[in-house]
Amino acid sequence: MSQSNGTTVSAAQTGSQTPLTMAYLMLVACSLMWGSNHVVARGINETVPFEALSFWRWIVAICLLLPFCFKYLRRDLKIMADHKLSMFLIGFTGVFLFSVVIYLAAYNTTAVNTGLLNATTPIWVLLFAALLTADKPRLGQWAGVLVAGAGTATIIAKGDPSFFARMDFVLGDVLAMMSAMVWAAYSMFLKRAPKGVHPLSLVFVSALIGLCFLTPLYVWALVVDGKPFFTTLDPVWPDMIKIFYIGAGPAFLGYMFWNRGVSLVGPAKAGVFMYLIPVCSSGLAIAFLGEALHLYHLAGIVLIVSGIWLVTRKKTERVRVTKP
């Protein structure tokens, strides 16, 4: 005679929780970096041409990367040379195309519209994942994206639903939506990154590929359009400090954290962390720019955290154990 007892067993081994936890922490840190980028860039857009900002932020990033990744490059270059197309797509979309489109959007529409439309990235990530990969999103992930999206919309609209009816879309709005799609495509291409390549080497080579396209754009702006080398500000050092931070923080650390997080949890789960960026921007603006904290900020943050939980939670598998 046998007696059955329902016992809950986690589908994942305990040891696997550590890298997943680190991956989620890196994605949160990445969102903080990119959120701070929005706050710092607020004081640059009027004095620094977007070509100069795009170019110099990556020059700073690769200068910081080289001492750390040099010892891995000799081995990793051989591996990446066998995956030329994948590396080209990663560098072209993630470094060149995204930098150009997002800064063009910021120069041609309001920050509110840019934040809202760029925050649709997780939806595009899930759509691309569902259409192009075997990593099919679960129903809970779709629900999490919608809940987190509602939280982002709550913050951007300041709790007023009628805000969206009053929005006037211009060229910059289209570019902001395109930037979300570009970043989603970049996240998908990261899944095709060559295995065994160190994350530092991956970011370094991606930056070099992107700079192959950013450099001619920057030179054209200097020679043909007569734009300033760094900034129109005099003295130049305040803007130079901001550019250095954007290169060291969002470009250097942010991309490393994002690439590593995507490699561990996949683009669908990682994409929802993009919703944290407007939360971080709001928090930093409140802390450093003296902006007020409102009830709609708290409501939006609760929705975003709930959405992230829905996307990242692991299904618990119930296993029937038979005792003799």
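Which helix holds Ser99? Ser99 sits in helix α3, residues 84-108, where helices (H or I, at least four residues) and strands (E, at least two) are DSSP runs numbered from the N terminus. This is a predicted model, in which local features need pLDDT of at least 70 and side-chain atom pairs count only at pLDDT 80 or more, while totals for chains, interfaces and linings use all residues. Residues are numbered from 1 along each chain as its sequence is written, and side-chain values use heavy atoms, with hydrogens and water left out.

**The overall fold**

The protein chain contains 12 helices and 2 strands. Along the sequence, their pattern reads β-α-α-α-α-α-α-α-α-α-α-α-α-β. Of the 324 residues in the chain, 48% are buried; here buried means under 20% relative accessible area, exposed means over 50%, and partly exposed lies in between (1.4 Å probe, protein chains only).

**Two buried polar side chains**

Back to Ser99, which is buried with a relative accessible area of 0%. The side chains of Ser99 and Trp58 are joined by a polar contact of 3.3 Å. A polar contact is a pair of N or O atoms within 3.5 Å; within protein, one must be able to donate a hydrogen and the other to accept it, and residues adjacent in sequence count only if both atoms are side-chain atoms.

Thr47 belongs to the loop between α1 (17-41) and α2 (50-81). With a relative accessible area of 17%, Thr47 is buried. Its side chain makes a polar contact of 2.6 Å with the side chain of Asp239.

**Helices α6, α7 and α8**

Next come the helix spans. The expected span of a helix is 1.5 Å times one less than its number of residues.

| Helix | Residues | End-to-end C-alpha distance | Expected span |
|---|---|---|---|
| α6 (139-156) | 18 residues | 26 Å | 26 Å |
| α7 (171-190) | 20 residues | 29 Å | 28 Å |
| α8 (199-223) | 25 residues | 36 Å | 36 Å |

In α8 the two values agree, yet this helix also has a kink of about 35° at Cys212, shortly before the proline Pro216. The bend at a residue is the angle between axes fitted to the seven residues ending there and the seven starting there.

Helix α7 is mostly covered, with 14 of its 20 residues buried. In α6, the buried residues include Gly140, Gly144, Ala148, Gly151 and Ile155. Just after α6, Lys158 takes a positive phi of about 60°. Most residues other than glycine have a negative phi, and most peptide bonds are trans. The peptide bond from Asp234 to Pro235 is cis, with omega near 5°, and Pro235 is found in the loop between α8 and α9.

**Pairs far apart in sequence**

Ile156 is part of helix α6 and is buried, with a relative accessible area of 11%. Ile156 and Val279 are 123 residues apart in sequence, but their C-alpha atoms are 9.6 Å apart in space.

Gly151, one of the buried residues of α6, is paired with Val305: they are 154 residues apart in sequence and 8.6 Å apart in space, C-alpha to C-alpha. Val305 lies in helix α12, residues 295-312, and is partly exposed at a relative accessible area of 49%.

Trp124 lies in helix α5, residues 121-132. Trp124 is partly exposed, its relative accessible area being 22%. From Trp124 to Met181 the C-alpha distance is 6.0 Å, with their positions 57 residues apart in sequence.

**The second largest pocket**

Which residues lie nearest the centre of the second largest pocket? They are Ala193, Pro194, Val197, Leu202 and Ser263, out of 13 lining residues. On a 1 Å grid over the protein atoms alone, a pocket is an open set of points where a 1.4 Å probe fits, with protein on both sides within 12 Å along at least five of seven lines; lining residues have an atom within 4 Å of a point.

The volume of the second largest pocket is about 300 Å³, counted as the space filled by probe spheres set on the points. Helices α8 and α9 (237-265) each supply at least two residues of this lining, and the largest share, 4 residues, comes from α9. By type, the lining divides into 7 nonpolar, 3 polar and 3 charged residues. Ala, Val, Leu, Ile, Met, Phe, Trp, Tyr, Cys and Pro count as nonpolar, Asp, Glu, Lys and Arg as charged, and the others, Gly among them, as polar.
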